[in-house]
Amino acid sequence: MNAASGPTFRHHKIPTPKSEPYICIEGPDGALWFCESGASKIGRFDVDKGTFAEFPLPEANAMPIGITPGADGNMWFCAKKANKVGRITTTGAITLFPLPTANAGPDGTLLGPDGNVWFSESDAGQIARITPQGEVTEFKTGITPGSRPLSIVVRDGALWFSEAAGNRIGRITLDGKVTEFPIPSHDSQPRAMAAHPDGSIWFVETSTNALGRIDRDGRITEHPVATPDSSLRGVCVAPDGDLWFTANAVNKIGRMKPDGHVVGEYPIPVPSAGARCICAWPDGRLFYTAFDAGLIGEIIP
């Protein structure tokens, strides 16, 4: 597929200037929810009407980063600079829960198979969970010190996470037992992750310009992208099983087959968008956050 037969892009301007949108995900109400890391707000985008709602956090400069739907029908998010995990109802009521470890740096988050919300504490080098009632448990044993865990996905009843500074993929059971899997390339900087229906997990390697894949047995393969020095940041799995990824430094969105073949890398029609997170919609559309441009991007394959 060449650029001429590539996808259609649409862009939606977030009302607040310098919002710096980061992680985005589908909520229980069918809307796209996202963190406005620069504006200390949680955003909601109606993907059918094209309208926004924004909800200010009760603390300025809280820097919300990761967000996920919880088992309780609410959205849960990590407020990195505030060192808290937050809960927001779909109508915008916000509650913040402080973390036991000071300056933990809560970052990525996802609903676990136990009904609790799990999240990374990148600055503390820990993985933690919070119950729907706000009780926090932190796990550190077995995680390489200084590894900076970031993204989290669920597979085989456990949580898997990227270690951006540790050059590893980690696995933690619900009772806190950790196993780590070294990535073949040196200093690959694994970040965003996505679970594939075939049982594998894909992740971006920001420094080595590749997508990594870890299979059910812990074997890791690496699949380079075409454009050099792309600074890959986000990855998701589309309904057809293809991988879509953001190439931040070269202002592109890419598509890869599960066998590692790159279908195409498509220029974003907005200069210096700063593409970060990307997520797939059930109807085949994709949405991504444009951190630098303050936009929500929409892709129609």
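1. A residue counts as buried here when its relative accessible area is under 20%, and as exposed when that area is over 50%. Keep those two cut-offs in mind as you look around this predicted model. S37 is a good place to try them: its relative accessibility is 11%, so it counts as buried.

2. Where does S37 sit? Look in the loop between β3 (32-36) and β4 (41-46). Leaving aside residues up to four places away in sequence, S37 touches S19, E20, Y22, M63, P64, I65 and F291.

3. For a contrast, turn to P182, which is found in strand β17. With a relative accessible area of 57%, P182 is exposed, because that value is over 50%. Beyond residues up to four places away in sequence, P182 has contacts with N167, R168 and I220. If you would like a sense of distance, P182 and E265 lie 83 residues apart in sequence, and their C-alpha atoms are 28 Å apart in space.

4. Strand β17 brings us to a sheet worth following strand by strand. Its 4 strands form an open sheet in the order β14-β15-β16-β17, with antiparallel pairing. The edges are β14 (149-155) and β17 (178-182), each of which pairs on one side only. On average, neighbouring strands of this sheet are turned by 25° against each other, direction ignored. As background, strands of a sheet pair through backbone hydrogen bonds, either parallel or antiparallel.

5. Start at the β14 edge. This strand runs antiparallel to β15 (residues 158-163), and 5 bridges join the two. Two of the bridge pairs are easy to find: P149 is matched with E163, and V154 with L159. The hairpin of β14 and β15 has 2 residues between the strands, and D156 takes a positive phi near 50° there.

6. Moving on, 5 bridges join β15 to β16 (residues 168-172), again in an antiparallel arrangement. E163 has R168 as its bridge partner in β16, and E163 is also the partner of P149. Between β15 and β16 the hairpin has 4 residues, and N167 takes a positive phi near 55° in it.

7. Is β15 enclosed or open to the outside? It is largely enclosed by the rest of the structure, because 6 of its 6 residues are buried. In a regular strand the side chains alternate between the two faces of the sheet. Here A158, W160 and S162 point one way, while L159, F161 and E163 point the other way, and all are buried.

8. Another hairpin makes a friendly companion to these. Strands β8 (residues 84-88) and β9 (residues 94-98) pair in the antiparallel sense over 5 bridges. G86 stands opposite L96 in β9. With 5 residues between the strands, this hairpin has G92 at a positive phi near 105°.

9. Finally, do visit the largest pocket, whose volume is about 970 Å³. It is lined by 43 residues, and those nearest its centre are I23, S151, A192, M193 and C277. The elements giving two or more residues to the lining are β2 (21-26), β6 (64-69), β10 (106-111), β14, β18 (190-195), β22 (232-237) and β26 (275-280). By class, the lining has 26 nonpolar, 8 polar and 9 charged residues. Strand β14 thus appears twice on this tour, as an edge of the open sheet and as a contributor to the pocket lining.

Methods
Residues are numbered from 1 along each chain as its sequence is written. This is a predicted model: local features need pLDDT of at least 70, side-chain atom pairs count only at pLDDT 80 or more; totals for chains, interfaces and linings use all residues. Side-chain values use heavy atoms; hydrogens and water are left out. Two strands pair if DSSP finds at least two bridges between them. Axes are lines fitted to C-alpha atoms, for helices over the stretch in contact, and angles run from 0 to 180 degrees between N-to-C directions. On a 1 Å grid over the protein atoms alone, a cavity is a set of points where a 1.4 Å probe fits but cannot get out, and a pocket is an open set with protein on both sides within 12 Å along at least five of seven lines; lining residues have an atom within 4 Å of a point. Grid points are joined across faces, edges and corners, and a volume is the space filled by probe spheres set on the points. Ala, Val, Leu, Ile, Met, Phe, Trp, Tyr, Cys and Pro count as nonpolar, Asp, Glu, Lys and Arg as charged, and the others, Gly among them, as polar. Buried means under 20% relative accessible area, exposed over 50%, partly exposed in between (1.4 Å probe, protein chains only). Contact means heavy atoms within 4.5 Å.
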